[in-house]
Each structure stands twice: as C-alpha cells, then as structure tokens.
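Colleague: I would like to learn how to read a structure like this one. Could we go through it feature by feature?

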Amino acid sequence: MRDEQHKNKSSSELTRRTFLDSSLLTIAGGAAMLMVGIKSAAAKVSQKSVNYQASPSGGKKCDTCALYQGNGKCAAVDGSVSPSGYCKLYAPK
Ligand code: SF4
C-alpha cells in the first residue's frame, strides 16, 4: 500500500515536473521571439528609400528633426547623415 502511494506521488511529481519544464521552454521560446521582433522593429530604412539629401529643404534639416540623434546618426535612417541633411521622414522637434 505504501509502495503504491509512493509510486503515485512520484508519478504526479513527474507529471508536474514535466509540465513545469515544458512551460519554461514555452516562455523561453516566447522571449526569444519577442527579442527577434524588437530587433526587426529597430531596423532602419535606407537613405535612398526616404530621398535623403545632404542639404536642407526649405529650412528643414536633420539638426532640427526629432529623429536626429547627433554625431551624424538618425533614429530612422541607416548610415551617416549630415546635420544639414534632409529626408522625407523629417519631423520637427
Ligand atoms: S531629416 Fe530624415 S535623415 Fe535627417 S534626422 Fe530626420 S529622419 Fe533622419
């Protein structure tokens, strides 16, 4: 009788353990998918696709754009941009 109780307990612990292991794997898989999603969301567009030019347009320039990060970097456009540059994503600060 006692042996059987022990067997049943071990079996239920094994089932619970298996469930927890598979749940953790599912959570880890979801986190990995989320990281991939975040990385692709951070991808920048090419300068050509947004008609980037190295000169201002009607007083609009990277230096006064909300997406300009300084040091020739833009949050949305790939590559180095000039503070005097401009593209069609321009958004005033
Ligand atoms: S104008 Fe275009 S390239 Fe310049 S900072 Fe803004 S989004 Fe980036």
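Colleague: How many residues of the shell around the ligand are nonpolar, polar and charged?

Modeller: Sort the shell residues by class and count each class. In this predicted model, the shell divides into 13 nonpolar residues, one polar and no charged. The ligand is surrounded by 14 residues, and Cys62, Cys65, Tyr68, Cys74 and Cys87 are the closest.

Colleague: Which residues make up the largest nonpolar core?

Modeller: Look for buried nonpolar residues that link up with one another. Here the largest such core has nine residues: Tyr52, Cys62, Cys65, Tyr68, Cys74, Val77, Val81, Tyr86 and Cys87.

Colleague: Why is Val81 counted as buried?

Modeller: Count the C-beta atoms around the residue; 20 or more within 10 Å make it buried. Val81 has 26 others within that distance, so it is buried. Val81 sits in the segment after β2, which spans 73–74.

Colleague: Beyond its neighbours within four places in sequence, what is Val81 in contact with?

Modeller: Setting those neighbours aside shows what the fold brings together. For Val81 the contacts are Tyr52, Cys62, Gly72 and Cys74. Gln53 is 28 residues from Val81 in sequence, yet their C-alpha atoms are 8.7 Å apart in space. With the same exclusion, Cys87 is in contact with Val50, Asn51, Tyr52 and Val77.

Colleague: Asn51 is on that list. What is the sign of its phi?

Modeller: Most residues other than glycine have a negative phi. Asn51 is not a glycine, but its phi is positive, about 55°. Asn51 lies in the loop between α1 (2–41) and β1 (68–70). Asn71 also has a positive phi, near 50°, and is likewise not a glycine. The place of Asn71 is the loop between β1 and β2.

Colleague: Are Asn51 and Asn71 buried or exposed?

Modeller: Use the neighbour count again; 12 or fewer means exposed. Asn51 has 11 C-beta neighbours inside 10 Å, so it counts as exposed. Asn71 has 8 other C-beta atoms within 10 Å and is therefore exposed.

Colleague: Which element has the lowest mean pLDDT, and which the highest?

Modeller: Read the average for the protein, then go element by element. The protein averages a pLDDT of 78, with 56% of the residues scoring at least 70. Among its elements, α1 has the lowest mean, 54, and β2 the highest, 98. Over residues 29–38 the pLDDT is below 50, and this stretch has zero contacts in the model beyond near neighbours in sequence.

Terms used:
Residues numbered from 1 in each chain as written. Predicted model: local features only at pLDDT ≥ 70, side-chain atom pairs only at ≥ 80, totals over all residues. Near = placed C-beta within 6 Å. Nonpolar A, V, L, I, M, F, W, Y, C, P; charged D, E, K, R; others polar. Core = buried A, V, L, I, M, F, W, Y, C linked by C-beta atoms within 7 Å. Contact = placed C-beta atoms within 7 Å. Helix = DSSP H or I, 4+ residues; strand = E, 2+ residues; numbered from the N terminus. pLDDT = per-residue confidence, 0-100.
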